[in-house]
Amino acid sequence: MMNKTWWKECVVYQIYPRSFADSNGDGIGDLRGITAKLDYLKRLGVDVIWLSPVYRSPNDDNGYDISDYQDIMTEFGTLADMDALIAGMHARGLKLMMDLVVNHTSDEHPWFRQARASRDNPYHDYFIWREPRDGREPNNWEAAFSGSAWEWNEATGEYFLHMFSKKQPDLNWENPRVRREVFDMMHWWFQRGVDGFRMDVINMISKPADLPDAPIIRPGFLQPGFGLVTNGPRLLEYLAEMKRDVLSRYDCITVGEAPLVTVRQGAEITNEETGSLNMLFEFERMDLDSVGGHMNGKWAYKPLDLRDLKTTLSRWQTALHGNGWNSNYLSNHDQPRSVSRFGDDGADRVVSAKMLGTFNHLLQGTPYVYQGEEIGMTNVPFESIDECRDIESLNIYREFVEHQGLTPEQALAPIRVKGRDNARTPMQWSAASQAGFTTGTPWIRVNPNYTAINVEQAVADPDSVFNYYRKLIRLRRENPVFVYGSYHLIVPEHAEIYAFTRTLDAERLLVVLNFSKNSPTFTAPAELSYSGAELLIANYPVETGDVRRFALRPFEARVYRLKV
Ligand code: NOJ
């Protein structure tokens, strides 16, 4: 039994505010900039906007280090600007999802300033402290942004835990006062008008009591500790408490970011009756183009084998059907641009961006579109590390050069492919100076291809990625089978074609996607029966013909409605 709800039917658009639109010429995107673009988003047809963090922050990790949860980042504007943005969205029927970053705060948050002052400060227990082990860090964990996950605090003679940068101390969720503070803050935002939350690394909030050493996969180096803090012993209990205390009181949308989450955990957390969140961002799909178990993690890249993507996504599609709910995404502010990664950002940029958009909107689950994806924005040809801004890239570069002995060129190569700054360059609004993003100097360079790839061009061109996305979103709104139809993979062994059906009662969609530059032939399995077929959307002109067998052009996508 699958309940019908708006958060399954909606399309979410993610804004990275720093790079979206700058209204005051300081080179940094801001809230008024977003408000000025709401009609554009309405025209695209999306329903919900997820804002990456806009709270007060010293920006060690671009807002994912929060120093005040109930105020706005100075560069982004004021609470009054936020109220105006919310009002502007609601007036257009758009909903707002805030980013909830509560695995950690900034070290400049007043809680942490107090906590680090003395062991008997009432805030001390808001964070996670340990004595030195043999005069050194308490365990062998590496933080996500390189270096130890522990930082020494002289005043108390202890280390504190930070799974990300040393300016992002992890909160101690064992402390009921911490949970109370977080829940009160969520109520405060709901009452201000927000419609939901995207929850940053939410499956990391419960840590194992003994914080044991991580298994050694990089002899002589620190070890990744994520495996030990995701899905911790009290995670489900904390989420259930959040649901009971906060989420169940609002008609809201929730998505939890969940590194290393398994299908079984995903089904448990998103189960409509017994789970706590609507959906999760799982990461398996993002790990398939990295060499598994390699000491350099995501930076050790390898070409994607499409069959791995099919196996992984089919597992999620099947396991959550009628049970939990999926979120579909191919890019966000932490990932390279999807057209560069999974398609082609050269001659086949437009067709491949459309093919990937078709994929993302035709899987079962709520689709997430990342700013710029809808115009086919690409990775950036960074010429040197000086052009990068992301703490993760800057730190790994240093590690590659200083500890692994790589040349600057060798160290930059994986950052060009996987670095997060690829997705963080300014939104390309027009061919005007700085892509129309700012009248000043942008905080990060503009991708030089903005003269050809920009919103103004895309809105005017009927064959653009933008206008194709509009059609996809409209079709999804008009056809419940896009949302609720069950997923069935066909031609599973094919290395270039990803094809599946979606079925709801007497309606069936056939989705055929060529993920390659080649021209493979699609042959439907014998059991696929139909009496007629109507083409709903395609990224090339298509003649009516046999839908059981046809040759595909590079990155071709077709969606048929079959009469059964
Ligand atoms: C996940 C966020 O998406 C990422 O941008 C951030 O660096 C980490 N969590 C830490 O908050």
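A polar contact is a pair of N or O atoms within 3.5 Å. Keep that in mind as you click around this predicted model, where local features need pLDDT of at least 70 and side-chain atom pairs count only at pLDDT 80 or more, while totals for chains, interfaces and linings use all residues. Numbering runs from 1 along each chain as its sequence is written, and side-chain values use heavy atoms, with hydrogens and water left out.

Start by selecting the ligand. Around it are 13 residues (each with a heavy atom within 4 Å), the closest being Asp61, His104, Asp200, His333 and Asp334. That shell splits into four nonpolar, two polar and seven charged residues; Asp, Glu, Lys and Arg count as charged.

Now show side chains. Pick His104: an N or O atom in its side chain is 2.9 Å from a ligand oxygen. Arg198 has a polar side-chain atom 3.0 Å from a ligand oxygen, and for Asp334 that distance is 2.4 Å. The protein covers 98% of the 300 Å² of accessible area (Shrake-Rupley, 1.4 Å probe) that the ligand has on its own.

Next, hunt for rings. The whole structure holds 33 aromatic pairs, meaning ring centres within 6.5 Å. Select Tyr69 and Trp111: their centres are 5.9 Å apart and their planes at 40°, so this pair is tilted (neither under 30 degrees, stacked, nor over 60, edge-to-face).

Technical notes: Polar contact = N/O pair within 3.5 Å; in protein donor to acceptor, adjacent residues only side chain to side chain. Phe/Tyr/Trp six-rings, centres within 6.5 Å; stacked < 30°, edge-to-face > 60°.
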